[in-house]
Amino acid sequence: MGRKSTKENKNVYQEARDALGWSREKAADEILKIENGRYGYVDKYKLVKIEDESIKIQPEDIVALSKVYNKPELRNYYCCHQCDIGAIDAPEVIYKDNVHEILVNMAISLESVNAKKTRLMEILADGRVDDTEIPDLDKILEELEKISMTVEAIQLWCEKAKRLGSENN
């Protein structure tokens, strides 16, 4: 078994591994077992470089780490903070373990958009948006974004729950 990490200011990838109590060797072994090289090769030396940020993590490494650590939110983190395209406009999904909170947020957002649907139809009816309609459209877009984020949070929760369920069977 490897040594316990003492590094402060750990990045999200090291925090995810540490939360499992795994050494880099154990993580690399699990990646190899589960992924069997399908998403790339991540050994303990590459994990060191990923965790100390001396190399740029690659998308295939993110897929492998997120699956092995059962942290699908790592993919969203990567897209929002490290991907050149995603960093421009990908919103970060705040993952919550409490599915009830996620569902309440979804219900609130859906109700808000439902209350504004007539105004949205009025704005879109002529196929153009004039200057007087932009403030209302901005509010509706904000609510739609909340729904989108909530849907992604539900997807992350379901993916994680599915993986945990399959491990218990």
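This short talk goes through a helix pair, the cysteines, one buried threonine and the salt bridges of the structure above. Please keep in mind throughout that what we are looking at is a predicted model.

Let me begin with the helix pair. Two packed helices are described by the angle between their axes and the distance between the axes. Here the pair is α1, which covers residues 12-19, and α5, which covers residues 73-81; their axes are 11 Å apart and the packing angle is about 170°. With angles over 145 degrees counted as roughly antiparallel, α1 and α5 are therefore roughly antiparallel to each other. If you look at the contact itself, α1 contributes V12, Y13 and A16, and these meet L74, Y77 and Y78 from α5. In terms of residue class, the contact of α1 with α5 is made up of 6 nonpolar residues, with no polar and no charged ones.

Now to the cysteines. A disulfide is a covalent bond between the sulfur atoms of two cysteines. How many disulfides does the structure hold? The number is 0. C79 is in no disulfide, and the nearest cysteine sulfur to that of C79 belongs to C83, 5.7 Å away. C80 is likewise in no disulfide, and for C80 the nearest cysteine sulfur is that of C79, at 6.6 Å. As for their surroundings, C79 has a relative accessibility of 33% and so counts as partly exposed, whereas C80, at 8%, counts as buried.

I would next like to turn to a single residue, T150, which is found in helix α8, running over residues 134-168. Is T150 buried or exposed? The relative accessible area of T150 is 8%, so T150 is buried. When neighbours within four places in sequence are left aside, the contacts of T150 are with I102, N105 and M106.

That leaves the salt bridges, of which the structure holds 16; I will take up some of them. In the pair of E25 and K44, the closest N and O atoms are 3.6 Å apart. E25 lies in helix α2, residues 24-35, while K44 lies in helix α3, residues 44-51, so this pair ties together parts that are 19 residues apart in sequence. Both ends are partly exposed, E25 with a relative accessible area of 32% and K44 with a relative accessibility of 28%.

A second salt bridge is formed by the side chains of K33 and E30, at 3.0 Å from N to O. Both of these residues lie in helix α2, 3 residues apart, which is about one turn of the helix. The two ends of this bridge fall into separate accessibility classes: K33 is exposed, with a relative accessible area of 60%, whereas E30 counts as buried at 11% relative accessibility.

A third salt bridge joins K71 to E73, with 3.8 Å between the closest N and O atoms. Here K71, at 24% relative accessibility, counts as partly exposed, and E73, at 15%, counts as buried. Helix α5, which we met at the start, covers residues 73-81.

Finally, beyond these pairs, there is a network of salt bridges in which K10, R17, D18, R24 and E51 are linked.

To close, I would leave you with two points from this predicted model: the contact between α1 and α5 involves 6 nonpolar residues, and the structure holds 16 salt bridges and 0 disulfides.

Definitions and conventions: Residues numbered from 1 in each chain as written. Predicted model: local features only at pLDDT ≥ 70, side-chain atom pairs only at ≥ 80, totals over all residues. Heavy atoms only, no water. Axes fitted to C-alpha atoms, helices over the stretch in contact; angles between N-to-C directions. Helix = DSSP H or I, 4+ residues; strand = E, 2+ residues; numbered from the N terminus. Parallel < 35°, antiparallel > 145°, perpendicular 65-115°, else oblique. Contact = heavy atoms within 4.5 Å. Nonpolar A, V, L, I, M, F, W, Y, C, P; charged D, E, K, R; others polar. Disulfide = S-S within 2.5 Å. Buried < 20%, exposed > 50% of the residue type's maximum accessible area, 1.4 Å probe, protein only. Salt bridge = Lys/Arg side-chain N within 4 Å of Asp/Glu carboxyl O.
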